[in-house]
Amino acid sequence: MSGLIERYRQWLDLPDLAPVTLGEGHTPFILWDTWQGTRVWLKLEGCNPTGSFKDRGMTVAVSVARHAGARAVICASTGNTAASAAAYAGRAGLMAFVVVPKGQISVQKMLQAAAHGAQVLEVEGNFDVALDVVRHTADEHSEWLALVNSVNPWRLRGQETGAYEIVQALAGPPAALILPVGNAGNISAYFHGFRRVGRGIPRLFGIQALGADPMVQGAFIAKPQTVASAIRIGRPASAELAREAVAASDGFFTAVDDAAILAAQAQLAQGGVFVEPASAAAYAGALKLRAEQRLPAGDVALVLTGSGLKDTDTPLRWTSLNPVLTRPDSISATILNALQHA
Ligand code: F0G
């Protein structure tokens, strides 16, 4: 299957380049439930090649970087950008340097980046410190080193394609779009995507984790805290863009606490959809807005940004790995017993 650049080249205003693709995009979009008059749709972005929505932006950013003659890419990351940059750089034949906050990234994401051949560099401090460092480094070496964080406008252009797909699936925009907000790039990208399609803009509800919610507080947070490590960000690089997008769409930002995020993760997983905590924040936000009767009628789409396999420690807070050792000749009796007690 072709990737996003081939599919949407006419929308992306790209130079005439050879795409670096892993077949990203066209992710599943499923009707999850109907709550009174609201149809709740889930966009399963964890089904992208590296397990997160970052691939939409990375195919474009890495293609442009290679076309422009870069030898290497660099990013700061809470994990998913690192894994995606590493994979696309590997595919492109470029080196990748990923800078992560020490001790704050899931093992799976670190391992992904390393497996794809990236040089993983840790810094003391949080994501915001890492982003400052890579911006500076990329500036210093701009003739051969490309910055592929979402401050790179090509990343956001690529991520707009999520909006194109949702409009196509629903034959028009939904009434509202709910998505988790960390560095605030994705919500800005969706806004521009809906605007470019020209069929109307949904209300944008940006969900942050309580304790890492600068967009809700209206002030940066020096030491952001949340179980959702992907969105543990106190100083979002695209804060201004996101604020404008949310205001222009008649939306808002709101926060959900860690307990709500984990409960949402469990509820989705038990309905067959395994996402990482940052993505579960979007669902926790939807549940909160339903309780507050603030969800519009009609179609509401949730962007579930990353796979549950990205972070396998957090589910241990609500489930356990206790397989029951069973003799082969008692499997049948065990199953019947479970059925009787269901
Ligand atoms: N969900 C997941 C799974 C993420 O990894 C991120 C961001 C977000 C949501 C928030 O998106 O930053 O555009 O507002 N992850 C970045 C990273 C920061 O480095 O992987 P955003």
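This briefing looks at how the protein surrounds its ligand. The model is a predicted one, and the ligand in it has a shell of 20 residues. Both domain 1 (4-52 + 156-317) and domain 2 (54-153) contribute to that shell, so the ligand lies between them.

**Who is around the ligand**
- Among the 20 surrounding residues, the closest are Asn80, Asn183, Ala184, Asn186 and Thr305.
- Sorted by class, the shell holds 10 polar residues, eight nonpolar ones and two charged ones.

**Backbone contacts to ligand oxygen atoms**
- Thr81 places a backbone N or O atom 2.8 Å from an oxygen atom of the ligand.
- Gly182 likewise has a backbone N or O atom 2.8 Å from a ligand oxygen atom.
- For Gly185, a polar backbone atom is 3.2 Å from an oxygen atom of the ligand.

**Cover and cavity**
- On its own the ligand has 480 Å² of accessible area, and the protein covers 98% of it.
- The largest cavity is the space that the ligand takes up.
- Helix 3 (80-92) and helix 8 (185-197) are the elements that each give two or more residues to the shell around the ligand.

Definitions and conventions. Residues numbered from 1 in each chain as written. Predicted model: local features only at pLDDT ≥ 70, side-chain atom pairs only at ≥ 80, totals over all residues. Heavy atoms only, no water. Near = heavy atom within 4 Å. Polar contact = N/O pair within 3.5 Å; in protein donor to acceptor, adjacent residues only side chain to side chain. Areas by Shrake-Rupley, 256 points an atom, 1.4 Å probe, with all protein chains shown as cover. 1 Å grid on protein atoms, 1.4 Å probe; cavity = no way out; pocket = protein on both sides within 12 Å on 5 of 7 lines; lining within 4 Å. Sits in = over half its atoms within 2 Å of the grid points. Helix = DSSP H or I, 4+ residues; strand = E, 2+ residues; numbered from the N terminus. Nonpolar A, V, L, I, M, F, W, Y, C, P; charged D, E, K, R; others polar. Domains from an automatic or database assignment.
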